[in-house]
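Morning, everyone, and thanks for coming. I'd like to walk you through the empty spaces in a protein model, and then spend a minute on one helix. Here it is on the screen.

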Amino acid sequence: MIITLPNYIFENKHLYQIINDDSVIASKSSIYKKDMMSLRNSMHLVMLLVNGRKSLCLGNGEISIDANDILFLSQGNYFMGEILGDKNDFEVILIYFDDKYVFDFINKYNISLPQTEQIDTLHITRDKYMQDCIQMLDKYFESDINNSLALVKLKLEELFLYSLSKDKKKFITFLNKIMKTKSSRTKYILEENLDIINNVDDMCKLTRLNSKALRKEMIRLYNKNPKEWLDEKRLSLAKTLLKNTQKSVSQIATSCGYSSVSWFIIQFKKYYKTTPLLYREQNL
């Protein structure tokens with residue numbers, strides 16, 4: 001099972017303290033989960049450990065972070081995470097932010113973004129200033145404070161500015177990754193997360209659009225409604241698996257999100273005018 005963040009947080013509010021609006025979501029948790037978890041972030045994320053250690057397996061390797069680190073992840077990262085050490089000594093603050101927050105930050109400070117390398121993961125070692133900033137963020141969860149969301153946003157902006165000052169080249173490569181996909185965010189989210197989309201509801205959750213808004217955006221991008229797009233993508237994946245793997249038709253149907261093999265065969269034949277088995281035989 002792949003857990004999609006921050007959706008999981010709102011589905012399990014009893015596990016988290018949450019401060020949020022539509023563009024920024026700050027959450028704090030001290031819940032210790034022993035096993036490795038598979039995760040996908042559907043918003044950009046900065047991970048701040050207050051106490052404890054965490055091991056993450058990312059696309060570009062494994063990284064361990066603790067209370068001396070800050071980790072930025074752009075939207076769409078798939079990673080596996082495991083909490084290390086004492087279960088009584090773990091606290092983490094997760095702050096999710098959307099494109100608009102990043103664009104507003106870039107415009108507010110007139111930041112120039114040269115066409116350089118792009119990275120989707122940025123690991124920064126904290127110094128005393130950053131540590132003080134994070135300790136203050138932590139206090140916003142300890143009691144009811146007026147304007148706590150505005151204060152969280154200011155602290156996040158502070159972290160951005162200080163990260164830019166501390167290592168400008170690296171932080172700009174992270175911002176470049178976000179800017180790269182700004183014109184077609186929905187397209188990027190859906191195509192990068194196809195492996196965990198099983199239905200239109202999943203598409204709505206990942207894009208954070210309601211069904212009406214999603215349909216309008218899909219028509220604009222693809223001239224297809226969400227279900228048509230999803231069927232086409234699933235069946236394209238099925239063709240690839242039939243041609244390049246030894247998986248059975250039943251296994252491929254399941255891999256492509258079909259709960260019924262018979263329905264998968266009907267849909268495949270409708271699109272490609274042949275059955276999955278015949279297609280495989282013709283393309284061996």
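The largest cavity has a volume of about 270 Å³. Do keep in mind throughout that this is a predicted model. The structure holds one cavity of 30 Å³ or more, so to speak our single entry in that category. Which residues sit closest to its centre? Of the 19 that line the largest cavity, those are Y16, M37, L39, K54 and L94.

If you look at the elements around that space, β1 (2-5), β4 (37-41), β9 (78-84) and β10 (91-97) each give two or more residues to the lining. The element that gives the most is β9, with four residues. As for chemistry, the lining of the largest cavity has 13 nonpolar residues, two polar ones and four charged ones.

Now to the open spaces. The largest pocket holds about 410 Å³ of space. It is lined by 20 residues, and the closest to its centre are I2, T4, I196, N198 and D202. Here we meet β1 again: together with α1 (7-11), α7 (200-207) and α9, β1 gives two or more residues to the lining of the largest pocket. By class, that lining divides into ten nonpolar, five polar and five charged residues.

The second largest pocket comes in at about 290 Å³. Of the 16 residues that line this pocket, D98, R185, I189, T207 and R208 are the closest to its centre. At least two lining residues each come from α2 (99-108), α6 (185-192), α7 and α8 (211-222). Which element has the largest share? That would be α6, with three residues. For those of you who think about polarity first, the lining of the second largest pocket splits into five nonpolar, four polar and seven charged residues.

Let me turn to the helix I promised, α11. At 1.5 Å a residue, the twelve residues of α11, numbered 261-272, should span 16 Å, and the end C-alpha atoms are 16 Å apart, which agrees. Which residues of α11 are buried? They are F264, Q267 and F268. Seen down the axis of α11, these buried residues fall within an arc of 100 degrees, so they line one face of the helix. There is a nice general point behind that: an α-helix has 3.6 residues a turn, so residues three or four places apart point the same way.

And what covers that face? The cover over the buried residues of α11 includes α9 (226-244), α10 (249-255) and α12 (276-282). Just after α11, K273 takes a positive phi of about 60 degrees, if you want to find that spot on the backbone.

Finally, let's zoom out to the whole protein. There are twelve helices and eleven strands. The C-alpha atoms fill a box of roughly 65 × 45 × 35 Å, taken along the principal axes. Of the 284 residues, 48% are buried. Among contacts between residues at least 6 apart in sequence, 71% join residues at least 24 apart.

That's my tour. Happy to rotate the model for anyone who wants another look.

Notes. Residues are numbered from 1 along each chain as its sequence is written. This is a predicted model: local features need pLDDT of at least 70, side-chain atom pairs count only at pLDDT 80 or more; totals for chains, interfaces and linings use all residues. Side-chain values use heavy atoms; hydrogens and water are left out. On a 1 Å grid over the protein atoms alone, a cavity is a set of points where a 1.4 Å probe fits but cannot get out, and a pocket is an open set with protein on both sides within 12 Å along at least five of seven lines; lining residues have an atom within 4 Å of a point. Grid points are joined across faces, edges and corners, and a volume is the space filled by probe spheres set on the points. Ala, Val, Leu, Ile, Met, Phe, Trp, Tyr, Cys and Pro count as nonpolar, Asp, Glu, Lys and Arg as charged, and the others, Gly among them, as polar. The expected span of a helix is 1.5 Å times one less than its number of residues. Buried means under 20% relative accessible area, exposed over 50%, partly exposed in between (1.4 Å probe, protein chains only). The arc is that of the directions from the helix axis to the C-beta atoms. Contact means heavy atoms within 4.5 Å.
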